[in-house]
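Student: Could you take me through one helix close up, looking at what it packs against and what part it plays where the chains meet?

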Amino acid sequence: MTRNDAHPITVEVVRNAIVAYADEMANALSKAAYNMMIYEVRDYCCGLIDTKARMISQNRGGLPIFLADLGVAVADGIARYGLKGFAPGDVIIMNQGEVCGQHLNNVVLYSPCFHRDELVGFAANRAHWVDIGGVRQGFGSYGSNDIYAEGIQMRSLKIYEAGKRNETLWQIIRDNTRYPDSALGDMRAQIASCKLGARRYAELIARYGRETVETCIAKVWDQAEASARAVIEKIPDGDYEAESFLDNDGRTLDKPLRVKVKVNVRGSQMTVDFSEMNPQVPGPLNSGRGGGIAGARVAFKALTSPDLDVNEGCFRPLEVILPEGTMLSAKPPSALGLWSVALPTVIDTILKALAPAVPHFIPAAHKGDMGGCSFFGFRDDGSRFLLMNIFGGGWGGRPDEDGEDASVSVCQGDVRNTPVELQEIKYPVLIETHALRPNSGGDGKHRGGLGVELTYQLLQKCKANINLDRTLDPPWGLHGGESGAVNECIIARADGSEVAIKKATEIDIAAGDKVTFLTAGGGGYGNPRERAPEASAQDVTAGVVTKQAKP
Amino acid sequence: MNIVGVDIGGTFTDLVGCVDGHIVTSKCSTVPADPTRGVAESLALAHCEMPALSELLHGSTIAINTVLERKGARTALITTRGFRDTYAIGRGNRIEAFNLFFHRPKPLIPRELTFEVTERMNAKGAVLKPLDESEVQALAKVVAAQNIEAVAVCFLHSYANPAHERRVGDILRAANPKLFVTLSHEIAREYREYERTSTTALNAFIGPRVQTYLGRLEHHLRDERFTGKVNIMRSNGGVMSVRLAQEQPVSMMESGPVAGIIGAGRLAALMGIECAIGFDMGGTTAKASLITKGVPAIEDGYVIGGEASGQPMQIPVVDIVEIGAGGGSIAWCDPTGGIHVGPKSAGADPGPAAYGKGSTDPVVTDANLVLGRINAGRFLNGAMKLDVKAAERAIEMKVAGPTHLGVKEAALGIVQIADAAMSLAVRAVSVKKGVDPRETAMIAFGGAGPLHAVAIAREIFIPKVIVPKVPGTFSALGMLMASWRQDFVRTLYGLLGSLDGKQVDAVFAELAEAGQAQVARDGIAPGTADFSYLADLRYVGQEHTIAIPVRDPKLLSGDFAPLREAFDAEHDQRYGQAAPDERLEVVNVRLVVTAARTDTLAERWLSEKWTPEPPVADEWREVVFTDPAKPIHTRIVWRPSQASGKRIEGPAVIEEPNATTLIHPGDVATVSDAGHLIIDVML
């Protein structure tokens with residue numbers, strides 16, 4: 001059977017196949033994974049990379065901030081080994097901070113993909129390991145000063161060479177993590193996933209020929225680009241800007257961090273300019289360049305083509321101006337432990353800048369943080385436990401409807417909270433309340449969604465990391481809507497005292513202490529006076545608004 | 001013994017029966033307002049004498065439609081104090097990751113009808129706070145005052161100790177005997193409070209309507225002097241009594257699609273096919289399911305109404321991958337020139353452009369017609385004449401024009417895109433499970449299945465396609481072969497090697513008791529039911545589990561080497577790796593109780609010697625296969641007249657009353673002794 005190059009039908013077959021392979025990789029990874037950051041939080045991405053380190057395709061349903069950014073990790077390996085330096089059976093591991101720009105827990109693995117003897121691409125994935133060593137454990141730690149304190153770095157090392165495992169490297173990894181079973185188990189799942197992706201892509205090439213497949217992929221990218229451009233053209237040309245603030249870097253508590261963005265639209269091209277972004281900070285709330293680019297890309301993708309698959313073509317109409325040394329482009333050896341904390345705010349601020357130009361495209365601000373907690377310690381039998389949970393908050397009111405309640409941030413897509421019953425089965429906790437937080441949504445023509453109230457009673461002494469942000473600059477309303485309620489955390493001690501906490505690393509928790517998280521609500525959209533009376537009445541009936549309506 | 005299966009679908013009501021040793025079939029339009037009329041009509045069409053029937057098997061879309069249309073009962077939810085919003089919060093996830101205008105699942109029960117009561121169990125099932133019965137008494141009054149028809153009750157850790165739920169059920173039922181009450185532990189006895197709440201709420205929400213429907217159906221049948229049994233098809237691939245269906249209507253959610261796959265499983269077993277892929281293509285969707293040794297895979301949960309904003313259910317369902325590509329799927333172009341097929345469907349009304357009912361959207365059936373692959377005069381057994389010109393116009397306007405392709409070229413494209421999409425679904429049920437398609441055979445049925453099966457098989461290297469007898473109404477036939485089946489589960493959490501034997505035995509005993517009680521209630525003869533136990537196992541630290549058969553409870557509490565070996569092998573097969581050195585833990589124990597049918601009427605008919613009808617002369621038609629510019633002069637064969645052993649070499653089109661099978665050049669179909677078409681695919 002002969003097939004024309006880039007025949008529309010072949011293009012469609014290839015378009016579906018390359019994403020299906022990435023999804024298959026994701027399935028093999030998540031179903032066999034050992035830590036909730038992978039199987040519940042889905043803090044991973046899988047995809048195919050070409051020999052120029054470009055992203056051919058990416059799985060659906062992974063973490064949104066992993067946007068076509070596996071390429072930089074593979075590019076480093078290509079630079080090191082050369083295209084002739086890979087053999088079948090190789091598996092490369094990579095998490096180095098300077099190149100990847102993310103915290104070291106995010107470990108990339110990839111396998112070269114061969115058709116006959118020719119290298120035709122790579123299958124790669126990145127997944128969040130529960131621990132990679134370093135001075136502190138659990139997410140939300142402010143305890144590091146530089147990247148060396150945050151764990152081991154592995155820069156483009158072959159963990160398998162032509163099918164043979166590098167036992168030295170394996171041992172180094174095993175000896176440098178607090179949870180070796182989990183880390184090595186996850187790595188095993190990652191490797192199996194890479195091998196699967198490489199095999200599938202080789203089958204596709206064998207079927208249609210490399211040239212045809214690559215022509216089809218180029219066409220798919222072109223189509224993604226054209227879709228994005230068509231949307232940008234609907235945004236009036238102009239220079240837009242907005243700013244907002246994060247609370248602090250966890251070190252200098254009275255110094256808010258300015259998130260300033262400029263967005264320039266010209267025709268079908270968009271530029272996101274981070275030149276005036278807060279400089280890098282001593283605390284670990286920095287990312288490398290990858291963080292800034294991810295923030296700009298999420299906002300861009302949500303605006304231009306939320307329903308199309310992610311690939312290299314989607315972002316061609318986007319230019320990101322990001323000088324070195326900002327909070328989103330920190331120079332080594334900056335600490336990157338909380339690399340993603342700023343991103344929900346960065347994304348919302350980009351959207352805020354464009355809100356006056358395209359009010360019908362953009363909701364009011366959402367809760368604005370990553371939302372989560374970790375408790376860790378030792379059980380009676382001496383074994384370690386680490387409870388991690390992610391929880392949602394309110395999303396902003398939208399042009400035609402209220403915001404959604406209790407949803408994870410814009411940086412987290414198919415990320416799930418951990419069932420109460422599961423937490424109580426596995427960890428020494430009793431959860432007293434898991435409820436919507438009434439009155440937390442900003443009032444407006446379309447009300448902001450509600451945050452969550454979650455109360456843990458700890459049954460055993462342990463430690464916790466608490467990591468609230470955006471308590472000074474609440475989730476904003478748009479077009480006359482009001483702000484949502486801000487994040488709070490209250491520890492009611494077993495001895496009767498009570499303390500409100502915003503940020504804490506390894507705070508001591510005694511048996512019987514109760515820790516309550518109140519997550520932020522979304523901002524309102526439009527003037528509250530324009531809210532439909534029946535909508536207000538329903539809010540009261542359902543008990544989600546209990547205060548008296550303002551005069 | 002005379003039995004009939006009636007499958008009410010969205011568009012058609014299909015009937016297949018074994019009456020006086022013969023197979024009867026009929027197909028008529030579904031009457032949405034009164035589905036029992038469709039049953040009556042299909043029985044009349046097939047000339048079935050009601051008093052002569054000994055059993056009626058039934059599948060229906062009533063349960064799923066009640067959910068999708070949100071037309072269930074006025075329902076209340078009762079939760080543990082502090083957890084009123086478990087149902088509304090859900091898992092907090094956003095499946096459409098970049099969509100700022102996403103919608104999360106909307107509870108079927110509003111917050112104002114959700115009530116908390118004071119009670120609390122811990123994860124081990126110990127009572128931390130006793131149930132405050134006075135609160136429940138007060139709630140019973142509220143329920144009556146608010147005209148609530150159904151109540152769902154879901155307490156934390158009720159899977160471990162259901163005492164409080166049971167007590168609430170007793171109090172509510174005593175106060176209002178007509179109330180439809182669903183207790184979560186009766187529906188899904190395993191941890192994960194949101195999914196369990198959602199499943200319980202679904203059951204309560206659809207309960208009164210399904211109960212009424214089944215009551216009416218039974219009443220109607222009795223009025224017609226039907227004295228036999230009525231069994232209802234359920235999502236787990238088995239059947240249940242009407243009474244059980246009225247208590248657990250949630251378990252008949254997928255009753256239609258599942259029946260065909262069960263039928264394919266039986267056929268695979270009869271033909272000795274180790275590993276088969278059931279492929280069913282109808283008007284709006286195509287479904288694929290993996291069948292190993294005659295048994296389809298079962299999943300533990302799924303989502304009704306779309307992954308992103310649908311309602312999760314935590315009950316077993318035959319693992320069917322469904323994709324939005326059917327005969328009625330609409331082909332369209334995006335502004336950048338990409339051609340897409342589905343997921344929108346033209347349904348039966350207005351249907352394909354070729355129906356001439358005014359639709360200008362081309363669908364897959366239109367494309368097949370333009371390519372000469374289906375017969376304009378024989379569609380739906382000649383009941384629906386098709387208009388080729390109308391199909392061509394629609395394809396020209398919506399697809400060929402915008403992409404600068406010829407009409408036939410565009411039509412071929414539409415079919416190939418649909419084939420590619422469906423082949424991905426078939427891939428998902430095979431390679432995703434670690435099964436190599438080259439070692440499988442495809443069993444193709446449904447109105448459109450045999451038309452596309454060979455192309456899909458070739459696309460993913462399946463060497464053999466089987467088109468059974470009566471492919472167009474095969475789902476109804478499947479019902480005649482389904483076993484009675486009920487699934488049970490209990491959470492049992494712990495490390496293999498350190499489980500307490502007494503605790504394990506207690507769990508098994510409890511499951512066995514529950515199974516025996518259900519068997520007795522449904523009138524299954526004692527001793528005829530099969531009890532199979534499985535354990536959900538995983539490596540310590542993993543979340544997802546794999547169910548492994550457990551013949552003896554001692555395998556969990558004593559020497560577990562055989563389980564270990566089976567688990568490692570299964571893990572390697574599914575995920576490409578295993579860790580034989582790592583510790584294993586158990587999470588749940590499952591019990592599957594089945595009782596096979598006592599008759600084998602349908603099986604016998606499937607394998608009995610084929611008697612062809614008198615010969616009908618072949619016709620000839622121009623059919624496009626791979627080159628739109630060069631249609632092939634193709635033999636058109638009337639299937640009912642073909643004798644066993646007949647070889648039909650492609651290119652050929654094999655037509656029969658409710659289906660068309662396309663044989664491509666190079667492929668060869670053979671009529672088996674029993675009359676099935678066996679197609680060898682040239683790879």
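Tutor: Sure, and one term first: a crossing counts as left-handed if the near helix is turned anticlockwise from the far one by less than a right angle, and as right-handed if it is turned clockwise. With that in hand, look at α12(B), which passes α13(B) in a right-handed crossing. Bear in mind that this is a predicted model. It scores ipTM 0.94 and pTM 0.90, while chain B averages a pLDDT of 92, with 98% of its residues at 70 or above.

Back to the helix pair. The axes of α12(B) and α13(B), the latter covering residues 449-459, are 9 Å apart and meet at an angle of about 65°. On the α12(B) side, the contact uses D419(B), A420(B), M422(B), S423(B) and V426(B). Facing them from α13(B) are H452(B), A455(B), I456(B) and E459(B). Sorted by class, that contact has 5 nonpolar, 2 polar and 2 charged residues.

Now for the other chain. The contact between the chains takes 56 residues from chain B and 64 from chain A. On chain B, the elements giving two or more residues to that side are α3 (86-89), α7 (193-223) and α12 (407-430). The largest share comes from α12(B), with 7 residues. As for make-up, the side of chain B that touches chain A divides into 24 nonpolar, 18 polar and 14 charged residues. So much for the numbers; to put the picture together, α12(B) packs against α13(B) and also gives residues to the side of chain B that touches chain A.

Terms used: Residues are numbered from 1 along each chain as its sequence is written. Chains are lettered from A and ligands numbered from 1 in the order in which they are written. This is a predicted model: local features need pLDDT of at least 70, side-chain atom pairs count only at pLDDT 80 or more; totals for chains, interfaces and linings use all residues. pLDDT is the predictor's confidence in each residue, from 0 to 100. Two residues are in contact if their C-beta atoms, placed from the backbone, lie within 7 Å. Helices (H or I, at least four residues) and strands (E, at least two) are DSSP runs, numbered from the N terminus. Ala, Val, Leu, Ile, Met, Phe, Trp, Tyr, Cys and Pro count as nonpolar, Asp, Glu, Lys and Arg as charged, and the others, Gly among them, as polar. Axes are lines fitted to C-alpha atoms, for helices over the stretch in contact, and angles run from 0 to 180 degrees between N-to-C directions.
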